[in-house]
Amino acid sequence: ATVGGLLSFRGLFNWLHPKIYIPTMLGGPLFQILFFTNVGRFSGVESDSFFVVGNAVQVCAMSSIYGMTMTIANERYFRTLSSLLATSANRFALFLGRAMPPIANGLLVSTFGFAVGVAFLDFRPPASSFTPLAIVVLVTVVSCTALGMLLGSIGLRARDVFFASNLMYFLTLLFCGTNVPLEALPGWMQSIGRSLPLTHGIEAARDVAGGAAFGEVSGLVWTELFIGCVYAVGAYVLFRVFEVEGRRRASL
């Protein structure tokens, strides 16, 4: 499953060359973190750490949402979906294998985001927070990738899922407490934010970076993981429904 996912990832993307990958997957997060942190400094609302952690975790969506959506939806646009579904390969294994590269890439991008905070901004987390912070980020990246899976599955039928993935990326900046404290948002936005990946992961990462023990944020981490599982199950169900419907209507 992992080998198949890696081959698919390499075959479906044309930005893996360094001259495209670096400005796309690293340049964007770099300027996003610098921009929002400096806006935060000017406003005096929160510390550098608030904005660095929020954006360093959120930028994993560059891979987790965009990458995972394209990994599934591009099978249709590149006309390889019919060949893929003609095989007897386990569909769960296909899903899992295709999720591995975006998860790994999302971890890399988030790690780069934290490095930007250390190198250029006033972000100095205690050394004891490194391991729990890595666990929190891993769970959050997995959960966010599940959201990308759901959008990708919808892309098997929708005409333009890439608009949805772009919209979802920017909505996570607004609804997930990335740059505005969740409690400062209107109630309806808080409700939406708490049902999305990233929200609880960002909150847990901020607490851990501030010196909290992992046990103190375990509830947030489990909630983040549960939300990711819900989105993953929804994605898998939609994938199978659209597969069966596509066979019935000869519309793959």
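**Exercise 1. Place leucine 174 and find its partners.**

Leucine 174 sits in helix α8, residues 161–175. Helices here are DSSP runs of H or I with at least four residues, strands are E runs of at least two, and both are numbered from the N terminus. The model is predicted: local features need pLDDT of at least 70, side-chain atom pairs count only at pLDDT 80 or more, and totals for chains, interfaces and linings use all residues. Residues are numbered from 1 along each chain as its sequence is written, and side-chain values use heavy atoms, with hydrogens and water left out.

Step 1: check the cover. Leucine 174 has a relative accessible area of 41%, so it is partly exposed. The classes are buried under 20% relative accessible area, exposed over 50%, and partly exposed in between (1.4 Å probe, protein chains only).

Step 2: list the contacts, meaning heavy atoms within 4.5 Å. Setting aside residues up to four places away in sequence, leucine 174 touches Leu185 and Met189.

Step 3: take one distance. Leucine 174 and leucine 185 are eleven residues apart in sequence, and their C-alpha atoms are 9.1 Å apart.

**Exercise 2. Summarise the whole chain.**

Step 1: count the elements. The protein chain has eleven helices and zero strands.

Step 2: look at burial. Of the 252 residues in the protein chain, 51% are buried.

Step 3: look at contact range. Take contacts between residues at least 6 apart in sequence; 78% of them join residues at least 24 apart.

Step 4: look at the surface. The accessible surface is about 11800 Å², and 69% of this belongs to carbon and sulfur atoms. The areas come from the Shrake-Rupley method with a 1.4 Å probe; for residues, only the protein chains shown count as cover.

**Exercise 3. Describe how α3 packs against α2 and α6.**

Step 1: start with α6. Helix α3 (residues 48–58) and helix α6 (residues 91–120) pack at about 160 degrees, with axes 7 Å apart. That angle makes α3 roughly antiparallel to α6. Axes are lines fitted to C-alpha atoms, for helices over the stretch in contact, and angles run from 0 to 180 degrees between N-to-C directions. Angles under 35 degrees count as roughly parallel, over 145 as roughly antiparallel, 65 to 115 as roughly perpendicular, and the rest as oblique.

Step 2: name the residues. From α3 come Val52, Val53, Ala56 and Val57; from α6 come Ser110, Gly113, Phe114 and Gly117. By class, this contact has five nonpolar, three polar and no charged residues. Nonpolar covers Ala, Val, Leu, Ile, Met, Phe, Trp, Tyr, Cys and Pro; charged covers Asp, Glu, Lys and Arg; the others, Gly among them, are polar.

Step 3: turn to α2. The axes of helix α2 (residues 18–43) and α3 come within 9 Å and cross at roughly 155 degrees. α2 and α3 are therefore roughly antiparallel.

Step 4: name this second set. Gln32, Ile33, Phe36, Thr37, Gly40 and Arg41 in α2 meet Asp48, Phe51, Val52, Asn55, Ala56 and Gln58 in α3. The classes are five nonpolar, five polar and two charged.

**Exercise 4. Trace the surroundings of threonine 140.**

Step 1: place the residue. Threonine 140 belongs to helix α7, residues 130–154. Its relative accessible area is 1%, so threonine 140 is buried.

Step 2: find its contacts. Beyond neighbours within four places in sequence, threonine 140 contacts Val57, Leu198, Gly201 and Glu224.

Step 3: follow Leu198. Leucine 198 lies in the loop between α9 (187–194) and α10 (199–209). Its relative accessibility is 0%, so leucine 198 is buried. Its phi is positive, about 85 degrees, although it is not a glycine. Most residues other than glycine have a negative phi.

Step 4: follow Gly201 into α10. Nine of the eleven residues of α10 are buried, including Gly201, Ala204, Ala205 and Val208.

Step 5: pair the helices. The axes of α7 and α10 come within 9 Å and cross at roughly 175 degrees. That makes α7 roughly antiparallel to α10. Pro132, Leu133, Val136 and Thr140 in α7 meet Gly201, Ala204, Ala205 and Val208 in α10. This contact has six nonpolar, two polar and no charged residues.

**Exercise 5. Locate valine 241.**

Step 1: valine 241 is in helix α11, residues 214–249.

Step 2: its relative accessible area is 44%, so valine 241 is partly exposed.

Step 3: valine 241 and serine 153 are 88 residues apart along the chain, with C-alpha atoms separated by 9.7 Å.
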